[in-house]
Amino acid sequence: MTEIQMPRLSDTMEEGVISSWLKQEGDKISRGDVVAEIETDKAVMELEAYDDGVLEKILVPAGELVPIGAAIGLLGDGSESASASAPAAPAEQPAAAETVEEPAAQREPAQADAAAESDSAAGPASRPRSSPLARKIARDAGVDLDTVTGSGPRGRIVRADVDAAVAAKRSAEAEPTESKPAPTQAAKPAAVTAAAEDVEEIPLSNIRRVAAKRLTESKQQAPHFYLTSAVDVTELLTFRADLTARVQAAGGPKISINDLLVKAVATALRANPTVNVSFAGDKILQHKRIHLGIAVAIDSGLVVPVLRDADRKSVSELSGEAREKAGRAREGKLKSDEMTGGTFTISNLGMFGIEEFAAVINPPEAAILAVGAVRDELRLREDGKNKVEVRKILRITLSADHRAIDGAVGAVFLQQLTALLEDPIRIIA
């Protein structure tokens with residue numbers, strides 16, 4: 001009997017959701033066959049079999065959240081000997097262990113009473129489904145899981161649910177008695193009930209949950225500062241049209257403004273290595289290679305494919321690679337190593353007409369560039385003739401971690417990037 005286990009498919013993955021089983025019980029499997037699709041914290045990825053055999057038992061159905069290393073299926077020789085000795089489903093085991101680890105005598109009196117009431121009313125089998133991490137956090141914080149509403153698949157309680165319960169508990173404990181007049185307390189449940197009737201609860205995908213956690217930590221822990229530059233891209237647009245005609249005549253892809261931005265950012269980072277850094281507690285890591293992340297919005301969240309050694313590639317190479325990876329990102333087909341190791345990220349919302357915005361840094365990187373839409377604006381000509389003309393203006397905003405990048409360093413980087421974009425021949429020179 002061979003166990004099929006939940007693998008670690010990304011460096012930040014702690015749990016995975018079985019999106020679907022592509023093999024059914026009784027199916028023959030050869031090594032390398034794709035047996036299931038797994039939703040990690042970054043993408044939906046294929047799980048390949050490591051051995052030959054017959055899938056005798058599916059231990060965890062599709063839609064379940066499973067910790068890394070947990071058995072999700074059994075591979076045997078087809079005699080069903082594996083399924084006969086199949087262990088209990090992983091989701092049931094932790095609940096039993098948790099009951100042993102939390103004797104009522106060790107709880108606070110109020111919690112023990114609440115647990116006793118719950119057990120007597122519905123029995124131990126009715127304990128809410130929850131992840132191991134959620135149970136640990138709940139135990140440490142003294143939160144009764146019976147009082148928590150799960151937002152995971154099939155109502156499973158996940159870390160975010162417990163974090164919210166812990167925050168609510170602490171807020172209630174900190175709130176002075178004087179601030180709880182009876183009329184206010186009576187009004188709150190009615191408001192919550194009315195709101196619940198008007199909303200649809202959508203469980204967080206694994207990708208969105210991890211992105212929410214990481215970006216929250218980034219915004220709370222990294223002291224962001226922002227620098228904005230209005231770039232005259234009139235010449236860049238003309239240059240792009242000429243370059244596209246030449247590249248397509250040679251069988252290459254269409255060149256976009258974003259392709260030129262990627263190349264210009266890579267060039268500016270090579271000239272300003274103090275921006276291509278990460279903050280690492282007691283030191284700063286200055287990266288020798290330039291790996292650019294391109295933020296891509298997908299239905300289940302935000303993913304960032306990485307273009308490695310972007311400064312060493314041509315504009316047409318970057319264009320083709322960016323399109324190919326963005327397409328696979330939207331299909332959930334990117335591998336974890338294609339979304340890790342970035343040293344700087346570009347987030348472009350110009351195609352949605354957003355004129356200007358500031359992005360949240362993607363840790364462990366120390367900076368991100370937000371790109372808006374090109375707008376027509378009136379500008380005074382700089383040839384001394386005092387004439388006003390229409391120019392194409394693009395606003396870019398650098399968000400930087402002040403622990404690793406000083407304001408003047410960020411300003412010089414943005415100044416040089418602006419100069420490259422306004423004199424585009426230098427981007428490919």
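## Exercises on a predicted model

In this predicted model, Val371 has Ile396 of strand β18 as its bridge partner. The exercises below start from this pairing.

**Exercise 1. Determine how strands β17 and β18 run relative to one another and how many bridges join them.**

Solution. Strand β17 covers residues 367-380 and strand β18 covers residues 388-401. The two strands are joined by twelve bridges and run antiparallel. In general, the strands of a sheet pair through backbone hydrogen bonds, in either a parallel or an antiparallel manner.

**Exercise 2. Establish the strand order of the open sheet and identify which strands stand at its edges.**

Solution. Six strands make up the open sheet, in the order β9-β18-β17-β16-β12-β15, and their pairing is mixed. Strands β9 (224-232) and β15 (306-307) each have a single partner strand, so each is left with one side lacking a neighbour in the sheet; these two stand at the edges.

**Exercise 3. State which strands helices α8 and α9 touch, and at what angles the helices lie.**

Solution. Helix α8 packs on the sheet through β9, β17 and β18, and its direction makes about 95° with that of β18. Helix α9 (residues 257-271) also packs on the sheet, touching β12 (292-294), β15, β16, β17 and β18. The direction of α9 makes about 155° with that of β16.

**Exercise 4. Classify Thr238 as buried, partly exposed or exposed, and give its distance from Pro424.**

Solution. Thr238 lies in helix α8 (residues 234-249). Its relative accessibility is 46%, and partly exposed covers values between 20% and 50%, so Thr238 is partly exposed. Thr238 and Pro424 are 186 residues apart in sequence, while their C-alpha atoms are 9.5 Å apart in space.

**Exercise 5. Compare the expected span of helix α11 with the distance between its end C-alpha atoms, then locate its buried residues.**

Solution. Helix α11 has 16 residues (407-422), which at 1.5 Å a residue should span 22 Å; the end C-alpha atoms are 22 Å apart, in agreement. The buried residues of α11 are Gly410, Phe413, Leu414, Leu417, Thr418, Leu420 and Leu421. They cover an arc of only 160° around the axis, and therefore lie on the same side of α11. Ala408 and Gln415, on the other side of α11, are exposed.

**Exercise 6. Find the aromatic pair of the structure and classify its geometry as stacked, edge-to-face or tilted.**

Solution. The structure holds one aromatic pair. The ring centres of Phe344 and Phe413 are 5.8 Å apart and the ring planes lie at 55°, so the pair is tilted. Phe344 belongs to strand β16 (residues 344-348) and Phe413 to helix α11; with their positions 69 residues apart, the pair links distant parts of the chain. At 0% relative accessibility, Phe344 is buried, and Phe413, also at 0%, is buried.

Conventions
Residues are numbered from 1 along each chain as its sequence is written. This is a predicted model: local features need pLDDT of at least 70, side-chain atom pairs count only at pLDDT 80 or more; totals for chains, interfaces and linings use all residues. Side-chain values use heavy atoms; hydrogens and water are left out. Helices (H or I, at least four residues) and strands (E, at least two) are DSSP runs, numbered from the N terminus. The expected span of a helix is 1.5 Å times one less than its number of residues. Buried means under 20% relative accessible area, exposed over 50%, partly exposed in between (1.4 Å probe, protein chains only). The arc is that of the directions from the helix axis to the C-beta atoms. Rings of Phe, Tyr and Trp (its six-membered ring) pair if their centres lie within 6.5 Å; planes under 30 degrees apart count as stacked, over 60 as edge-to-face and the rest as tilted. Two strands pair if DSSP finds at least two bridges between them. Contact means heavy atoms within 4.5 Å. Axes are lines fitted to C-alpha atoms, for helices over the stretch in contact, and angles run from 0 to 180 degrees between N-to-C directions.
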